[in-house]
Every structure is written in structure tokens, then in C-alpha cells.
Amino acid sequence: LGVQGKGEWLWVKADDVTLKTGANTLALHDVSGFDGRCDVICLTTESRPRREFQSLKARLVESDLTVVGGGIAGICTAISAARLGLKVALVQDRPLLGGANSSEVRVHLGGYQNLGPYPRLGDVVAEIGPKAGGNAQPAERYEDDRKMAAVKAEKNITLYLNTRVTAVLLESDGGVYRTERSPKAERIRLVSGCDVVSGKEVSFRSPLFADCTGDGCVGYLAGADYR
């Protein structure tokens, strides 16, 4: 797989297979050597996988602000909003927080903080950031527990780990989830995702959404401008 398309997400049929009675083992082998990615594996007796989302039947989480992405931007957004009194749903697709600055990726946390005209900008970063810097250092250098503790200390934040957002519902869509880019930007009503461990779908509804995913997938699906 992987030779079709030009980098976009798409369904690719792997093969017809007969499963033996009892336990079967399914595995993926990344031969690209770097960043091979698969979002969904679907076993079906239908001629093609279903692309429609049944997310209106999924668990519904309501909040004042939904923050998608639990890297440094998402953590800071969630903590700042929670301290201003908003009820926040923080959605992260990994089992830990930190994004590129986590022990999974191990990228140095840099940037200028506490400068005019916004001298308080950077306070939250200082709270959650590791005390030591550097790229590709030992895992403990990135202090994942410190980030997690800061989020869990905020009573207005509810954290959803291992939850990948894959679709948005726009105001004018009449209940149809978009898993491909909208032709024009519209107000987001819901975002929908999946717990990658349990497979259960969950939808998040709020008047405000923050796309802190790093690759801007929520904004892209909603038709936001980009370059």
C-alpha cells in the first residue's frame, strides 16, 4: 500500500482474505523507513468500506471550548481558558501530552517569553516546560509528568487522551460530517473523533474550537484559509 494518491488520506483495498476460526494476528510493516502512517484499518464483507460517520449516535461531550491537540500550544490554550472560567475539553491523539516536546518526539522547547507589549505571554510555558533543553535527549529530560500534572490540576479541563479527531460538522451541513475539505469556511458545530484504543466514537460540541493539532486538520476540514 501507499503508492496511490499524492499524500492525501484515502481508502486503499489491501486484499481479499479468509480468516481462520479463532484468533488472528494483523500487523503493519512500514517499509518507507520514516513517518509511514495509517489512520484506519477496516475489515468488511462489503465491497468497499463505509465512509459515512455515525457520530450523531456517538458519545457527546459539551464544553465552552474544545481544544484539539495536546502539544505545547494546546496545553497553554486549555490552561489559560480554564483559568478564565471556561469549561474546556482538551483532545489529544497520543497517550501523553507535549507533542513535539514530549518524550516521544524529543524536540527542544524554545522561543522568546515575557516580552513587551505582552509581558505575561509565556507564563504558562514556563510552568509546563522542562527545566533542561536540547533535542534528542533521554526521555526523562522532557518531563512529560510535569505537563500532565499542570493540566490535571485545572478543575475546568477534561482531558481526552488517545482520541483522534477525524471529522467536523459545520453549521450548514445538516448533520453531514466532513472527512474531506469543505469548499468554504463555515462555523464549526461539532468535531468528531475516535478513541484509538477502544474504537469508540466521541463528538465534541462547543461554541469555540482551537485547532492546535500542528498540521491544522480541523481548520482544513472546515475550509479555513491556509498557505
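In this predicted model, N101 sits in the loop that runs between β3 (88–91) and α2 (123–128). Despite being in a loop, N101 counts as buried, because its relative accessibility comes to just 4%, under the 20% cut-off. Leaving aside residues up to four places away in sequence, the neighbours that N101 touches are I72, V107, H108, L109, P130, Y142 and K147.

Now for the overall layout. The protein chain has 4 helices and 8 strands, and read from the N terminus the order is β-β-α-β-α-α-β-β-β-β-β-α. Along the principal axes, the C-alpha atoms fill a box of roughly 60 × 45 × 35 Å. The chain has 227 residues, and 32% of them count as buried. Its accessible surface is about 14,900 Å², with 52% of that belonging to carbon and sulfur atoms. Among contacts with a separation of 6 or more, 61% are made by residues 24 or more positions apart.

As for confidence, the mean pLDDT of the chain is 88, and 92% of the residues reach 70 or more. Residues 51–57 are another matter, with pLDDT below 50; even so, this stretch has 17 contacts in the model beyond near neighbours in sequence. Where pLDDT is low, the predicted coordinates should not be read in detail.

On to the strands. Strand β2 (residues 65–68) is covered on both faces: L65 and V67 are buried on one side, and T66 and V68 are buried on the other. In a regular strand the side chains alternate between the two faces of the sheet. β2 runs parallel to β3, and 4 bridges join the two. One of the residues involved is V67, whose bridge partner in β3 is L90.

Strand β5 (residues 163–170) is mostly covered too, with 6 of its 8 residues buried. This strand pairs with β6 (residues 188–195) in the antiparallel sense, over 7 bridges. Within β6, L190 is the residue standing opposite L169. Past β6, the loop leading to β7 contains V197. V197 counts as exposed because its relative accessibility is 65%. In space, V197 and N162 are 6.8 Å apart from C-alpha to C-alpha, although 35 residues separate them in sequence.

Next come the charged pairs. Side chains of opposite charge can pair when their charged atoms come close, and a search of the whole structure turns up 7 salt bridges. One of them links R205 with E62, with 3.0 Å between the closest N and O atoms. R205 belongs to strand β7 (residues 201–205) and E62 to strand β1, so this salt bridge ties together parts of the chain 143 residues apart in sequence. Both partners count as partly exposed: R205 has a relative accessibility of 28%, and E62 comes in at 44%.

K13 and D16 form another salt bridge, and here the closest N and O atoms are 3.4 Å apart. K13 is exposed, with a relative accessible area of 60%, and D16 also counts as exposed, at 60%. In a further pair, D123 forms a salt bridge with R120, the closest N and O atoms being 2.7 Å apart. Accessibility puts these two partners in separate classes: D123 counts as partly exposed at 28%, whereas R120 counts as exposed at 57%. Elsewhere, R83, E127 and E154 are joined into one network by salt bridges that share partners.

Finally, the surface carries a nonpolar patch of about 650 Å², made by V17, L19, L26, L28, I41 and L43. One of these patch residues, L19, lies in the segment before β1 (59–62).

Key
Residues are numbered from 1 along each chain as its sequence is written. This is a predicted model: local features need pLDDT of at least 70, side-chain atom pairs count only at pLDDT 80 or more; totals for chains, interfaces and linings use all residues. Side-chain values use heavy atoms; hydrogens and water are left out. Buried means under 20% relative accessible area, exposed over 50%, partly exposed in between (1.4 Å probe, protein chains only). Contact means heavy atoms within 4.5 Å. Patches are made of residues with over 30% relative accessible area and no salt bridge: like charges are joined within 9 Å, nonpolar side chains (Val, Leu, Ile, Met, Phe, Trp, Tyr) within 5 Å. Accessible areas come from the Shrake-Rupley method with a 1.4 Å probe; for residues, only the protein chains shown count as cover. A salt bridge is a side-chain nitrogen of Lys or Arg within 4 Å of a carboxyl oxygen of Asp or Glu. pLDDT is the predictor's confidence in each residue, from 0 to 100. Two strands pair if DSSP finds at least two bridges between them.
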